[in-house]
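User: I've got this chain open on my screen and I'd like to talk through it. Can you take my questions one at a time?

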Amino acid sequence: MAATLARRAGRSAATTLWGAARGFASVGSDIVSAAPGVSLQKARSWDEGVATKFSTTPLKDIFYGKKVVIFGLPGAYTGVCSQAHVPSYKKNIDKLKAKGIDSVICVAVNDPYVLDGWAKKLDAKDTIEFYGDFDGSFHKSLDLEIDLSAALLGRRSHRWSAFVDDGKIKSFNVEEAPSDFKVSGAEVILDQI
């Protein structure tokens, strides 16, 4: 749908601003204000969760005062997510840091324990921060929720990426379909920073 809206507006899919077309978060808007009251759970083991009393991280602590590249995906351990999306950011971490990026974040509608195991399996936990949107509220607030019940995944996230500077969205890319990997990878966002 995002690509269709982009074609109607005369823009390429790579510069599609899902939120601008839908009325939610868009380039220039504040990502924290777009998802008021939402917190995420940093990937961790169960024991770490217990030790921190299952604490969450407010969005303002993730985005304000920092340059952040964030990408969302349908779910841990899924095909394109494991084979292409996360690896694109892992492979380009040095280039992103050289452009002044403070953190690269992967967020998915999963619990933080699944994301912890997946990050370790991908050998990406030391380079990428993983956060669980355990109830989908972050993606729903940004209008990035998608029903993937046909794939037995339930309510999940579109595949997307954004460059956020001090909370302000500078670029925002959303794939046309969850299996697509054309506009949300590290190579695209590198050109947008």
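**Salt bridges, sheet and helix**

Analyst: Let's start with a charged pair: the side chains of K42 and E129 form a salt bridge, 3.7 Å from N to O. This is a predicted model, so treat each value here as computed from it.

User: Which strands do K42 and E129 sit in, and how many residues apart are they?

Analyst: The pair ties together distant parts of the chain. K42 belongs to strand β1 (residues 39-42) and E129 to strand β5, and their separation is 87 residues.

User: Is E129 buried or partly exposed?

Analyst: Buried would need under 20% relative accessible area. E129 comes in at 25% relative accessibility, so E129 counts as partly exposed. Its partner K42, at 37%, also has the label partly exposed. For E129, then, the call is partly exposed.

User: How many salt bridges does a search of the whole structure find?

Analyst: K60 with D61 is a salt bridge, with the closest N and O atoms 3.4 Å apart. There's also a network of salt bridges linking D116, K120 and K125. For the whole structure, the search gives seven.

User: What are the relative accessible areas of K60 and D61?

Analyst: Both fall in the partly exposed class, which runs from 20% to 50%. K60 is partly exposed at 45%, and D61 is partly exposed at 39%.

User: Which residue forms a salt bridge with K90, and where is that residue?

Analyst: In this salt bridge the closest N and O atoms are 4.0 Å apart. K90 is in helix α6, while its partner lies in the loop between α8 (112-121) and β5, 33 residues apart, so to speak a link between distant parts of the chain. K90 is partly exposed with a relative accessible area of 30%, whereas the partner is exposed at 57%. That partner is D123.

User: Does the length of helix α6 agree or disagree with the expected span, and what is that span?

Analyst: Helix α6 covers residues 79-91, which makes 13 residues. At 1.5 Å a residue, the end C-alpha atoms of α6 should be 18 Å apart, and in the model they are, so the two agree. The expected span is 18 Å.

User: Which residues of α6 are buried?

Analyst: Helices have 3.6 residues a turn, so residues three or four places apart point the same way. To count as buried, a residue has to be under 20% relative accessible area. In α6 the buried ones are C81, S82, H85, V86, S88 and Y89.

User: Why does S82 count as buried, and which residues does S82 touch?

Analyst: S82 lies in helix α6. Its relative accessibility is 18%, so S82 counts as buried. Leaving aside residues up to four places away in sequence, S82 touches Y77, P87, W118 and L122.

User: What is the strand order of the open sheet?

Analyst: The open sheet has seven strands, and its pairing is mixed. One parallel example is β4 (residues 103-108) with β5 (residues 129-132), joined by four bridges, and there A108 has G132 as its bridge partner. An antiparallel example is β8 (residues 160-165) with β9, joined by six bridges. The order is β2-β1-β5-β4-β3-β8-β9.

User: Which strands stand at the edges of the sheet?

Analyst: An edge strand here has a single partner strand, so one side of it is left without a neighbour in the sheet. The two at the edges are β2 (57-58) and β9.

User: How many residues of β9 are buried?

Analyst: Strand β9 spans residues 168-174 and is mostly covered. V174 in β9 is the bridge partner of W160. The buried count for β9 is five of seven residues.

User: Which residue in the turn between β8 and β9 has a positive phi?

Analyst: β8 and β9 make a hairpin, with two residues between them. The positive phi, about 55°, belongs to D166.

User: Which residues form a nonpolar patch on the surface?

Analyst: One member sits in helix α4 (residues 46-51), namely W46. Together the patch has about 300 Å² of accessible area. Its members are W46, V50 and F54.

User: What percentage of the protein chain's residues is buried?

Analyst: The chain holds ten helices and nine strands. About 8600 Å² is exposed, with carbon and sulfur atoms supplying 53% of that. Of the 193 residues, the buried share is 50%.

How values were computed. Residues are numbered from 1 along each chain as its sequence is written. This is a predicted model: local features need pLDDT of at least 70, side-chain atom pairs count only at pLDDT 80 or more; totals for chains, interfaces and linings use all residues. Side-chain values use heavy atoms; hydrogens and water are left out. Patches are made of residues with over 30% relative accessible area and no salt bridge: like charges are joined within 9 Å, nonpolar side chains (Val, Leu, Ile, Met, Phe, Trp, Tyr) within 5 Å. Accessible areas come from the Shrake-Rupley method with a 1.4 Å probe; for residues, only the protein chains shown count as cover. The expected span of a helix is 1.5 Å times one less than its number of residues. Buried means under 20% relative accessible area, exposed over 50%, partly exposed in between (1.4 Å probe, protein chains only). Two strands pair if DSSP finds at least two bridges between them. Contact means heavy atoms within 4.5 Å.
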